[in-house]
Amino acid sequence: MGVLTAVVNVLSPDEETAGDDSFGYRCVDCDAEFRRPKRQMTRVRCPDCGSPDVRSAG
Ligand SMILES: [Zn+2]
């Protein structure tokens, strides 16, 4: 792995995980929709209000 490749991966971690490897959620409290990597499916909280009461939205 080259140095340039390593730098690019550090600068854009969100794009790396926002593709097919992410899962959609909807907040029950404020109805906000957001996505998280599948490996973070436990302890997911709403980014807007911080509520842990979220439902999977595909
Ligand atoms: Zn919320």
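Cysteines, a zinc ion and a charged network

The count of disulfides in this structure comes to zero. The model is a predicted one. A disulfide is a covalent bond between the sulfur atoms of two cysteines. To be counted here, a pair of cysteine sulfur atoms would have to lie within 2.5 Å.

What, then, do the cysteine sulfur atoms bind? Cys27, Cys30, Cys46 and Cys49 coordinate the zinc ion, each through its SG atom, at 2.3 to 2.4 Å. The angles that the four donor atoms subtend around the zinc ion run from 105 to 121°, and the arrangement is therefore tetrahedral. For that label, all angles must lie between 85 and 135 degrees.

Along the sequence, the donor residues of the zinc ion follow the spacing C-x2-C-x15-C-x2-C. Cys27 belongs to strand β1, which covers residues 22-27, while Cys49 sits in the loop between β2 (33-37) and β3 (54-56), so this pair ties together parts that are 22 residues apart in sequence.

The donors can also be followed by their accessibility. Cys27 has a relative accessible area of 1% and is buried. Cys46 is buried as well, at 4% relative accessibility. Cys49, at 42%, counts as partly exposed. The limit for buried is under 20% relative accessible area, so the values of 1% for Cys27 and 4% for Cys46 fall within it.

The next topic is charge. Side chains of opposite charge can pair when their charged atoms come close. In this model the count comes to two salt bridges. One of them joins Arg26 to Asp31, with the closest N and O atoms 3.3 Å apart. The other links the side chains of Arg26 and Glu33, at 2.9 Å from N to O. Salt bridges that share partners thus bring Arg26, Asp31 and Glu33 into one network.

How accessible are the members of this network? Arg26 is partly exposed, with a relative accessible area of 33%. Asp31 is also partly exposed, at 49% relative accessibility. Glu33 has a relative accessible area of 55% and is exposed. Exposed means over 50%, which is why Glu33 at 55% is given that label and Asp31 at 49% is not.

Strand β1 covers residues 22-27 and contains the zinc donor Cys27. Arg26, the residue numbered just before Cys27, takes part in the salt bridges with Asp31 and Glu33.

Note on methods:
Residues numbered from 1 in each chain as written. Predicted model: local features only at pLDDT ≥ 70, side-chain atom pairs only at ≥ 80, totals over all residues. Heavy atoms only, no water. Salt bridge = Lys/Arg side-chain N within 4 Å of Asp/Glu carboxyl O. Buried < 20%, exposed > 50% of the residue type's maximum accessible area, 1.4 Å probe, protein only. Donors = N, O, S within 2.8 Å, 3.2 Å for Na, K, Ca; no water. Tetrahedral: all angles 85-135°; square planar, octahedral: opposite > 155°, others 65-115°. Helix = DSSP H or I, 4+ residues; strand = E, 2+ residues; numbered from the N terminus.
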